[in-house]
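Me: I have a model open and some questions about it. Let's go through them one at a time.

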Amino acid sequence: PGAVDLEPWWREPLRLGIAVAVASAVGMSPRVTGLNVWVPITVAFVHQRSTSSAFATAKLRLEGTALGAVYGLFAATWATSLTNDTASLLWRWLIVIFLFPWIAVASSTRHDRENGYSGLVAAFTPLVIVVQPDPHLSFVLRLKATMFGAVLYLAVANLVFPRRAESILPRELGRALDALAAAFAR
């Protein structure tokens, strides 16, 4: 028998629910424009069982968003400088041509254990930037929403039933020792 998880089953969903509810309330505020969807999405993707893991995921999400947003803004600005018409078919093809290598390279890091999530986020973020009517405003709002969502979740994770590595370590060590004993018993 493995070690028992002593945390009640309802704590993690409650922690995530509180964070998403606060993020959604902030996103629906009439004073906050452009953040309505991305703050709760960031909260949901940053969520992890332990606070330290959530911090690492938030860091990767911020890195990927910043890299992808910069590239998306660069692509939109470059294509606009060549065509001067963001609604033209030529502009759309230039964006596709310009984003294809970026997406291929950034998403190739997906299987990297340390930076894979950052690469995945960096791959799709330019698409979010270039499809907006104002890429410059989208760039700023996307960065703000990601930062706000990450900070919001980390605040909730540290205030509502925080789950830190030192409380998880004895249980996980017990599971590892049980698995090792079972392997040697065969």
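Me: Is E63 buried, partly exposed or exposed?
Reply: This is a predicted model, where local features need pLDDT of at least 70, side-chain atom pairs count only at pLDDT 80 or more, and totals for chains, interfaces and linings use all residues. Residues are numbered from 1 along each chain as its sequence is written, and side-chain values use heavy atoms, with hydrogens and water left out. Buried means under 20% relative accessible area, exposed over 50%, and partly exposed in between (1.4 Å probe, protein chains only). E63 has 31% relative accessibility, so the class is partly exposed.

Me: Which residue forms a salt bridge with E63?
Reply: A salt bridge needs a side-chain nitrogen of Lys or Arg within 4 Å of a carboxyl oxygen of Asp or Glu. Here the closest N and O atoms are 2.9 Å apart. Both residues sit in helix α3, 4 residues apart, about one turn of the helix. The partner of E63 is K59.

Me: What is the relative accessibility of K59?
Reply: K59 counts as partly exposed. The value behind that is 40%.

Me: How many salt bridges does the count come to?
Reply: Side chains of opposite charge can pair when their charged atoms come close. E63 with K59 is one such salt bridge. E12 with R49 is another, at 3.2 Å from N to O. The count comes to 2.

Me: How many residues apart are E12 and R49, the pair that links distant parts of the chain?
Reply: The side chains of E12 and R49 meet in a salt bridge. E12 lies in helix α1 (residues 11-28), while R49 is in the loop between α2 (38-46) and α3 (51-83). R49 is partly exposed, because its relative accessibility is 40%. In sequence, E12 and R49 are separated by 37 residues.

Me: How many helices does the protein have?
Reply: Helices (H or I, at least four residues) and strands (E, at least two) are DSSP runs, numbered from the N terminus. The elements run α-α-α-α-α-α-α. Strands number 0. The helix count is 7.

Me: Why is the protein said to be more spread out than a compact globule, and what is its radius of gyration?
Reply: The radius is taken over C-alpha atoms, and the globule rule is 2.2 Å times the number of residues to the power 0.38. For 186 residues that rule gives 16 Å. The protein is well over this, so it is more spread out than a compact globule. Its radius of gyration is 21 Å.

Me: Which residues is T57 in contact with, leaving aside neighbours within four places in sequence?
Reply: T57 is in helix α3. It is buried, because its relative accessibility is 13%. Contact means heavy atoms within 4.5 Å. By that test, the partners of T57 are F45, V46, Q48 and Y117.

Me: Is L141 buried or exposed?
Reply: L141 belongs to helix α6 (residues 135-159). Its relative accessible area is 15%, so L141 is buried.

Me: Which residue has a positive phi although it is not a glycine?
Reply: Most residues other than glycine have a negative phi. The exception here has a phi of about 45 degrees. Its place is the loop between α6 and α7 (165-185). The residue is F161.
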